[in-house]
Amino acid sequence: KILGPNFTASYCWPPVARGCDVVAISYQGDDPFLYIPPVLTFLQSQNCYKALTKRNGPLALILCPGWKKAQLVFELLKTYERCSRWLHPMLIILGQNKEEAESVKIRGCEVIVTTPYSLLRLFEHHSLLFCRLCHLVLDEIEVLFSDAMEQVFTILDCFKKDITKEREYSPHQIVAVGTRWNKHIAHLIKEFMNDPYIVITAMEEASIYGNVQQVVQPCTNSERTAVLLKILDSTHNNLQKVLVFTSSVSEAEMVHKALKSNSIFSLKIHKESKFNIKYILEQWAKAYTSGTCLVLVLTDDCMQSLGITDATCVIHFSFPSPRIFGQRLHSMSDNFCNVIKGSSVDQECAKTRSVILLTENSACDALGILRYLQHAEAEIPPELHDFTAKMVEAEEEKKFSRPLCAYLKTFGICKNRTVCPDRHQINLQIDVPQNILDKLKQTPGCVTILPLHIVNATNYFGRIVDKQKDQYTILAEEINEYFKKPSNKISVKNVEKLAFYGLCEETHFHRVQVVEISSKEEENVFFNVKIKYIDEGRMSHVQNYQLLHLPARFQCLPPQAVEFVVCRVKPIDNDIEWNPKVTNYINCKIKGKLHEAKIVHTLGNTAWVDPMVGIKLLSDMKISVIEYNIRSEILLTGLGTDNPEHITQLQKL
């Protein structure tokens with residue numbers, strides 16, 4: 001089902017398939033297809049591995065940043081392995097329980113997909129793991145380095161040390177793919193790779209690799225021309241070829257005129273200029289041979305036609321958008337430093353410069369540029385921080401009606417705030433506790449809860465149950481009694497969004513609310529609607545004719561579903577998603593069973609509980625005992641760890 005390699009893959013596949021070391025940084029750097037086809041291709045050449053010992057151990061190891069990505073890569077390997085010889089791939093995700101690592105058998109396996117933490121746990125009990133290893137793939141390299149840098153370099157050291165004389169003629173390959181360049185990749189190349197191919201198709205990342213000096217010059221909009229002249233004057237002796245990027249024809253004309261009046265030799269090109277591209281390029285080439293300094297003033301729409309790649313300085317007279325920024329930097333790509341030659345860390349190599357003029361009109365794109373400059377470890381003036389602080393605040397204001405971020409609720413922190421679509425601050429209108437407080441007044445202290453929908457290991461939807469006289473239990477009996485009569489099962493003709501209806505599932509009837517109706521679907525006689533079970537919290541899709549008219553008396557009791565979050569526990573290994581193993585375990589243990597819990601915090605329709613325990617009734621002695629503690633059960637799986645700051649982080653909000 002692959003039509004062919006994409007732009008980046010077309011550069012990566014040949015060297016990977018030849019067994020060379022490769023680093024690939026691309027906007028699609030998180031796509032496993034950058035390495036899976038060529039690695040599988042190389043693994044077909046069994047003659048390459050004849051010199052290896054006959055012991056058990058993988059030929060290829062794929063390191064992923066988390067269990068979710070590892071699962072995806074493993075599924076792809078199983079799919080495309082059908083086209084190749086049988087490699088017996090294994091997905092190995094281990095918790096902190098030693099018995100689990102000891103029980104792993106890797107006999108006959110030629111490809112292992114795992115995470116850095118899981119691999120080191122396995123290595124403790126399988127010391128010969130690296131003895132046959134020829135191919136090490138680092139998937140999403142920048143995430144691996146940010147979340148598990150120490151572990152990754154430990155693995156690289158083991159891989160490097162295991163090259164013995166008997167393996168001299170066997171392949172020894174490292175492939176690293178990702179979306180962003182960083183200094184740790186430079187160290188990886190110099191210490192662990194042999195003459196690697198470096199493929200970077202994201203130009204702003206290439207400029208970090210190439211050691212382009214990033215300078216931010218704050219000024220007012222009216223001062224830009226004077227600041228530009230000052231920059232050119234102070235660096236006239238060092239620079240040969242300067243590009244000044246402007247946003248419009250009028251701006252280009254104004255800048256060109258100012259340069260001429262100050263006796264600076266300059267050219268201009270825009271869609272209305274009389275100079276043709278051939279003339280401009282001839283002048284540009286002359287400037288290089290004569291050693292004089294040349295300034296070319298241009299608009300962004302001329303970049304591609306000119307195809308200039310040998311500039312030594314780019315001045316952003318108009319503030320760039322993140323999209324156009326990389327294209328401008330590409331104009332200096334011939335002068336980027338080369339890590340392979342060991343020059344990128346030398347100060348004398350930093351001969352390319354990018355100067356951004358920051359004005360009061362730059363706010364629109366300042367946030368994206370700030371994030372890039374932080375990533376590039378550039379010096380950032382306070383003015384840019386002030387600009388972007390207001391923008392971050394404005395971005396959060398746009399999310400004010402969104403739900404509170406699920407990661408914030410579940411773990412107390414969201415690692416991806418910049419791209420997360422949900423809210424990260426308290427909205428008093430939404431977050432005022434709803435029907436929870438009334439339940440707490442009725443049953444102070446501990447409450448009895450019934451989990452009915454398990455989202456993950458620590459996040460559930462269910463009901464707070466009143467042991468004395470539970471209103472919902474009474475209502476549910478009345479609803480089921482009502483719908484037993486066939487004459488009461490009246491299908492709804494006109495389905496309305498947010499309206500309440502009845503729904504039959506097997507022999508049980510539920511109260512549901514319509515959440516969404518597709519505009520395309522409404523034109524049909526039968527169509528799908530998205531519904532919420534208001535007393536359980538789960539979502540589903542049903543056909544419109546399945547919805548039943550729900551009498552008003554059954555709608556008086558407010559929706560009973562409450563969201564519960566178990567506190568002070570999170571996934572191991574810096575992961576942000578619960579492993580399905582622990583979620584499935586908790587689901588089997590608690591779903592549909594009564595539990596006792598202490599509510600320590602409430603926001604909106606969410607209650608944080610600590611502890612939440614399963615109770616067992618000893619009928620002979622007429623007493624109840626605690627059978628298990630949910631948090632302790634999660635920790636015992638080896639897939640969860642302590643999260644002491646959970647509630648503190650929420651209270652800070």
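**Notes on two helix pairs**

1. A good place to start is the first pair: W13, V16 and A17 in α1 meet P37, P38, V39 and F42 in α2. Sorted by class, this contact of α1 with α2 has seven nonpolar residues, with no polar and no charged ones. Do keep in mind as you look that this is a predicted model.

2. On the geometry of that pair, helix α1 covers residues 7-17 and helix α2 covers residues 36-43. Their axes lie 8 Å apart, and the helices pack at an angle of about 20°. Angles under 35 degrees count as roughly parallel, so that makes α1 roughly parallel to α2. As for handedness, α1 passes α2 in a right-handed crossing.

3. Now for the second pair, helix α6 (residues 141-161) and helix α7 (residues 183-192). Here the axes come within 11 Å and cross at roughly 15°. α6 and α7 are therefore roughly parallel to each other. Their crossing is left-handed.

4. You may like to pick out the side of each helix that takes part in this second contact. From α6 come I141, F145, M149, F153, L156, D157 and K160. From α7 come H184, I185, H187, L188, E191 and F192. By class, the contact of α6 with α7 has eight nonpolar, two polar and three charged residues.

5. To put the two pairs side by side: α1 with α2 is a right-handed crossing, whereas α6 with α7 is left-handed. Charged residues number three in the contact of α6 with α7, while the contact of α1 with α2 has no charged residues.

Terms used. Residues are numbered from 1 along each chain as its sequence is written. This is a predicted model: local features need pLDDT of at least 70, side-chain atom pairs count only at pLDDT 80 or more; totals for chains, interfaces and linings use all residues. Side-chain values use heavy atoms; hydrogens and water are left out. Axes are lines fitted to C-alpha atoms, for helices over the stretch in contact, and angles run from 0 to 180 degrees between N-to-C directions. Helices (H or I, at least four residues) and strands (E, at least two) are DSSP runs, numbered from the N terminus. Angles under 35 degrees count as roughly parallel, over 145 as roughly antiparallel, 65 to 115 as roughly perpendicular and the rest as oblique. A crossing is left-handed if the near helix is turned anticlockwise from the far one by less than a right angle, and right-handed if clockwise. Contact means heavy atoms within 4.5 Å. Ala, Val, Leu, Ile, Met, Phe, Trp, Tyr, Cys and Pro count as nonpolar, Asp, Glu, Lys and Arg as charged, and the others, Gly among them, as polar.
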